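Thanks for passing this one along. Here are my notes, written as a friendly walk through the parts I found worth a look.

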4 protein chains.
Amino acid sequence: MNKKRAQILNAAIELFSLNGAWNTPTAKIAKHAGVANGTLFNYFSSKQILVDEVYIEIKKDLAEFIVPASLGKSFESNLRLLWHNYIIWGVRKPLHYNLLLQLRNSEMLSEEAKVKADEIFQGIMGILEKGMSDKKIVPLPIKYLSELIMAQTDAAINFAKLHQMEKEKLEEHIKRSFSVFWHGAKT
Amino acid sequence: MNKKRAQILNAAIELFSLNGAWNTPTAKIAKHAGVANGTLFNYFSSKQILVDEVYIEIKKDLAEFIVPASLGKSFESNLRLLWHNYIIWGVRKPLHYNLLLQLRNSEMLSEEAKVKADEIFQGIMGILEKGMSDKKIVPLPIKYLSELIMAQTDAAINFAKLHQMEKEKLEEHIKRSFSVFWHGAKT
Amino acid sequence: MNKKRAQILNAAIELFSLNGAWNTPTAKIAKHAGVANGTLFNYFSSKQILVDEVYIEIKKDLAEFIVPASLGKSFESNLRLLWHNYIIWGVRKPLHYNLLLQLRNSEMLSEEAKVKADEIFQGIMGILEKGMSDKKIVPLPIKYLSELIMAQTDAAINFAKLHQMEKEKLEEHIKRSFSVFWHGAKT
Amino acid sequence: MNKKRAQILNAAIELFSLNGAWNTPTAKIAKHAGVANGTLFNYFSSKQILVDEVYIEIKKDLAEFIVPASLGKSFESNLRLLWHNYIIWGVRKPLHYNLLLQLRNSEMLSEEAKVKADEIFQGIMGILEKGMSDKKIVPLPIKYLSELIMAQTDAAINFAKLHQMEKEKLEEHIKRSFSVFWHGAKT
DNA sequence: AATGAATGAGACTTCATTCAT
DNA sequence: TATGAATGAAGTCTCATTCAT
């Protein structure tokens, strides 16, 4: 990939996360990235597109991070791993995570970007669908199930960050949060 | 209360929700509210303050709506009612609900506003704390429990809106969502 | 005279002097004067007129203060008294004095106000003219002479204020400053 | 130096002088300078800073103009030259001169600007100090002496402009004005 | 006469975007 | 391809003035 493009994306993620995308000027991003003002527009033809690409970049990073290299045998263990990895990602990459939340409900994303970002998660959706059709879990619409998982892991991430949890304590917290979910959702 | 102030607040809520607070000019709000440009600043001395007050207004509206007039006997029934009312509110007031999510992670709110908004929910927090200390529910930090509830109800609201649920269907959905939660959390 | 009118004038003098007339809103003047916003415009139909009236008020105050009740016999003693009184006025009424300087070169005064203010000093000009025609002083255009006097007294006032002179020290300073002038200008 | 910057400074000096800095919009300055609205702010990050820089520019121009290329032998001749040059400058550059007076007492200048502007005149102050310590002049505080000189030359400039003096007549006027001063101040 | 809420023109300033170098 | 000065539309906010009470 292109180096300058990556610099700009990273600068944007950092500044967007800290100050809000809506009040981060492109000029500041360029400066933070160590490139000229106009260079940014050689790589991203408008700020709208930059925002979209930042969102997609984050979603890609997340998807790569949480998908297990190889799927285990049981649905529960696969789901537990996804659950675990998502929380770890959220804790380890606070800027990315914060920005993800920020953009999700901001009315700043184009429809195209949302669709594209969803596509990245189709593989993960597949795992859930499989578990559902195998009746490993209470029958819920797949879309609702995923929202539910995301919602509960978000709560877990926020709480872990609030208490600056690390290592064993964090693992314990993840375990417990999954346990609460699994108790309610398993068949 | 003051009529013009309310007009402005309502106009702001509507436009913020539809277009994003970050790209709703104060001039448009004033026009939509049927007042002059400068009048807005007689009531809200800056856009920042308007945003803060909008957020507080929404939280107040929500708190009023979900708190049961009289608390029932059992913790479960009280919690079930809160759960129910929150989802109803989210479905009935989509603009308010959407804006609530938008502002929460936007970096647009002042710290003062966040604190003030939290104070509005202290009564509701009290209900949870009571249930917890009475061991009606698995021992979780109260802050995490509330995040968890909010997260799951948010998921339920999103899903209900996605499928434009109403009446019996909506009630059924609410019931099921609570059931999943209660299963996982009850002692 | 009218009490409210005087309150407004005094408030204006104070605020104009401290912050500059150009950035003192009429609303602040009204508040400082303890009257309503609109009341100010009952007495002064525009800010321009208020500024003009403030200037005239100051000039009147100054003229009243410096003109000796009864003129002495010698031109020198009369002039010495004017000189003395002007400096005393400038030191005792720093707000008035400061504002006088501020307005003089500000392009904020209407031509009418300047003319009116000059009329107030015609009596004093008469004294100078008399001394000139009696050849008590080197032949200079009367207008230049008055400028010269004002200029030197201004310098004396600034210096006295800089060193916070009072009583004997101030009197000594005034004496010396007049002496320098008189040495240069007497015939 | 930078061409656009100079254009803006010159436009500002002209418009400030004619209409007062307080009621010259930045938009008018930009237009008069032949640049876009925003360009002005590339060179002067706020109107306050533009005003400050205008003041400093004028003081620099004045200092350059009045300081003699080489100092003569006698203190009197050096002082006479400064006196002469200042008056000539004031008459030849009426816009600059008018604005200098306007800004001096306007409460529009930042303290930094005043300090910076004073530094420009340190060389000239040195000349006066030398004359003082050599007892060529009555013992007066240096600060007062400079105020006195400025005050009298200001009077001379105003009078010269009032009568639209030129060439011999102007030179004669300057000579006389210095003579009045020197008579009063020499030892 | 006194009030003060309402007005809206206009001020300063920001910033996404362009384009000549 | 990279630059960064220039642009000007558009945003937030101020404030002299009006007018119904």
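The points below take the DNA strands, a chain pair and a helix pair in turn.

1. A word on the source before anything else: this is a predicted model, so please read every distance and area below as computed from that prediction.

2. Let's begin with DNA strand E, which has 29 residues around it. The closest are A:Thr26, B:Thr39, B:Tyr43, C:Thr39 and D:Thr26. By class, this surface has 10 nonpolar, 15 polar and four charged residues. Sugar or phosphate supplies 63% of the strand E atoms within 4 Å of the protein, and bases supply the rest.

3. Three contacts to phosphate oxygens of DNA strand E are worth displaying. The side chain of C:Tyr43 places an N or O atom 2.8 Å from one, and a polar backbone atom of C:Ala36 is 3.1 Å from one. From chain B, an N or O atom in the side chain of B:Lys4 comes to 3.2 Å. Helix H3 (37–43) of chains A, B, C and D gives two or more residues to the surface near this strand in each case. H3(C) gives the most, with five residues.

4. Now to DNA strand F, where 29 residues lie around the strand. A:Thr39, B:Lys47, C:Thr26, D:Thr39 and D:Tyr43 come nearest. Of the strand F atoms that come within 4 Å of the protein, 63% are from sugar and phosphate. The residues near strand F divide into 10 nonpolar, 15 polar and four charged.

5. Which atom of DNA strand F does the backbone of A:Gly38 approach? A base nitrogen, at 2.9 Å from a backbone N or O atom of A:Gly38. A backbone N or O atom of A:Ala36 lies 3.1 Å from a phosphate oxygen, while a polar side-chain atom of D:Tyr43 lies 2.4 Å from a phosphate oxygen. For strand F, H3(A) gives the most to the surface, with five residues.

6. On the protein side, 32 residues of chain D are in contact with 32 residues of chain C. About 2800 Å² is buried between the two chains, and carbon and sulfur atoms give 66% of that area. D:Trp22, D:Glu107 and D:Tyr144 supply 22% of what chain D buries against chain C, more than any other three residues.

7. Finally, look at H5 (residues 75–92) and H6 (residues 94–104) of chain B. Their axes come within 5 Å and cross at roughly 105 degrees, so H5(B) and H6(B) are roughly perpendicular to each other. B:Tyr86, B:Trp89, B:Gly90, B:Val91 and B:Arg92 of H5(B) meet B:Pro94, B:His96, B:Tyr97 and B:Leu100 of H6(B). This contact has six nonpolar, two polar and one charged residues.

Methods
Residues numbered from 1 in each chain as written. Chains lettered and ligands numbered in written order. Predicted model: local features only at pLDDT ≥ 70, side-chain atom pairs only at ≥ 80, totals over all residues. Heavy atoms only, no water. Axes fitted to C-alpha atoms, helices over the stretch in contact; angles between N-to-C directions. Helix = DSSP H or I, 4+ residues; strand = E, 2+ residues; numbered from the N terminus. Parallel < 35°, antiparallel > 145°, perpendicular 65-115°, else oblique. Contact = heavy atoms within 4.5 Å. Nonpolar A, V, L, I, M, F, W, Y, C, P; charged D, E, K, R; others polar. Near = heavy atom within 4 Å. Polar contact = N/O pair within 3.5 Å; in protein donor to acceptor, adjacent residues only side chain to side chain. Buried area = accessible area lost by both parts, 1.4 Å probe.
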